[in-house]
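Student: Hey, I've got a new structure open and I don't know where to start. Can you walk me through it?

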Amino acid sequence: RIGTLLSFIMLFAIVACTGDRGPQGPPGVNILGQVFETTVNFTPSNGYSVIVDIPNYIEIYSDDLILVYLLDDETDQTKDVWTPLPQTYFVNGGGTMIYSFNHTYFDVKLFLDADFPLNQLPSNFTHNQTFRIAVVPSEYADTNLTMDELMESDMVQWFD
């Protein structure tokens, strides 16, 4: 019993040892996408399209991705339901209407399209539509390796 007790005491003594901290490692990279929201109206006067400028505080590079989501619903008045664009809806007894977008690196064009005259759309499709626009940092791939070549190359870092 004394041997077991001494073993536990030595185990705790060894585990509890501390020493000098090692050198500080390099700072990590903090890459987060930027998101902003806008609410727009689609009307005959704007051709059922709206150009939204990307705010100046968001830095965009040529290889970044831009994604757009439509606020589709709110559950319990507290949780937003976002639907990615393009998004198609069946309206007016079978016609189809689509929310879509295109972009440059300065602005995003949000627009409606349909297989019927857009002026027949109910206002719940055209007024006070809220969109979330996300700028996702990306980088062009700099090689044309096959998947097998990529898996065998030193460009893949494996984590255990």
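**A first tour**

Student: Sure, so what should I know about Leu6 — which helix is it in?
Tutor: Leu6 sits in helix H1, which covers residues 2-15. Keep in mind that this is a predicted model.

Student: What kind of surface patch is Leu6 part of?
Tutor: A nonpolar one: Ile2, Leu5, Leu6 and Ile9 form it, and together they have about 430 Å² of accessible area.

Student: And what comes before that helix?
Tutor: Arg1 lies in the segment before H1. Arg1 counts as exposed because its relative accessibility is 89%.

Student: How far apart are Arg1 and Gly94 in space?
Tutor: They are 84 Å apart, going from C-alpha to C-alpha, with their positions 93 residues apart in the sequence.

Student: OK, new topic. How many aromatic pairs does the structure hold?
Tutor: Five. One of them is Tyr89 with Phe125: the ring centres are 5.7 Å apart and the planes are at 65°, so the pair is edge-to-face.

Student: Where do Tyr89 and Phe125 lie?
Tutor: Tyr89 is in strand E5 (residues 87-91) and Phe125 is in helix H2 (residues 123-126). The two are 36 residues apart, and their pair links distant parts of the chain.

Student: Are Tyr89 and Phe125 buried or exposed?
Tutor: Both Tyr89 and Phe125 are buried. There's another edge-to-face pair, Tyr99 with Phe131, at 6.1 Å centre to centre and 65° between the planes.

Student: What does the pair of Tyr99 and Phe131 tie together?
Tutor: Tyr99 lies in strand E6 (residues 95-103) and Phe131 lies in strand E8, so the pair ties together parts that are 32 residues apart in sequence.

Student: Why do Tyr99 and Phe131 count as buried?
Tutor: The cut-off for buried is under 20% relative accessible area. Tyr99 is buried because its value is 2%, and Phe131 is buried because its value is 1%.

Student: Which residues do the ring pairs link into a cluster?
Tutor: Phe42, Tyr89, Tyr99, Phe125 and Phe131.

Student: Let's stay with strand E8. What about Gln129?
Tutor: Gln129 is found in E8, which runs over residues 129-136. With a relative accessible area of 8%, Gln129 is buried.

Student: What does the side chain of Gln129 reach?
Tutor: The backbone oxygen of Asn124, at 2.8 Å.

Student: And which residues does Gln129 touch, leaving out those up to four places away in sequence?
Tutor: Thr38, Thr39, Val40, Phe42, Leu70, Tyr99 and Asn124. You've met two of those names already: Phe42 and Tyr99 belong to the ring cluster.

Student: What about Asn128?
Tutor: Asn128 lies in the loop between H2 and E8. Its phi is near 55°, a positive value in a residue other than glycine. Asn128 is exposed, with a relative accessible area of 59%.

Student: Where else can I look for a positive phi?
Tutor: Try Tyr48, which has a positive phi of about 55° although it is not a glycine. Tyr48 is in the loop between strand E1 (34-40) and strand E2 (49-53). Tyr48 counts as buried, at 10% relative accessibility.

Student: What about the peptide bond from Leu85 to Pro86, cis or trans?
Tutor: That bond is cis, with omega near 0°. Pro86 is found in the loop between strand E4 (79-84) and E5.

Student: Switching to charges: how many salt bridges does the structure hold?
Tutor: One. The side chains of Glu37 and Arg132 meet in it, at 2.5 Å from N to O.

Student: Which strands are Glu37 and Arg132 in?
Tutor: Glu37 lies in strand E1 and Arg132 lies in strand E8, so their pair ties together parts that are 95 residues apart in sequence. Glu37 counts as partly exposed, at 42% relative accessibility, and Arg132 is partly exposed too, with a relative accessible area of 28%.

Student: Last one: where's Met147?
Tutor: Met147 lies in helix H3 (residues 147-152) and counts as exposed, at 58% relative accessibility. The C-alpha atoms of Met147 and Phe42 are separated by 44 Å, and these residues are 105 residues apart along the chain.

Terms used: Residues numbered from 1 in each chain as written. Predicted model: local features only at pLDDT ≥ 70, side-chain atom pairs only at ≥ 80, totals over all residues. Heavy atoms only, no water. Patch = residues over 30% accessible without salt bridge, like charges linked within 9 Å, V, L, I, M, F, W, Y side chains within 5 Å. Areas by Shrake-Rupley, 256 points an atom, 1.4 Å probe, with all protein chains shown as cover. Salt bridge = Lys/Arg side-chain N within 4 Å of Asp/Glu carboxyl O. Helix = DSSP H or I, 4+ residues; strand = E, 2+ residues; numbered from the N terminus. Buried < 20%, exposed > 50% of the residue type's maximum accessible area, 1.4 Å probe, protein only. Polar contact = N/O pair within 3.5 Å; in protein donor to acceptor, adjacent residues only side chain to side chain. Contact = heavy atoms within 4.5 Å. Phe/Tyr/Trp six-rings, centres within 6.5 Å; stacked < 30°, edge-to-face > 60°.
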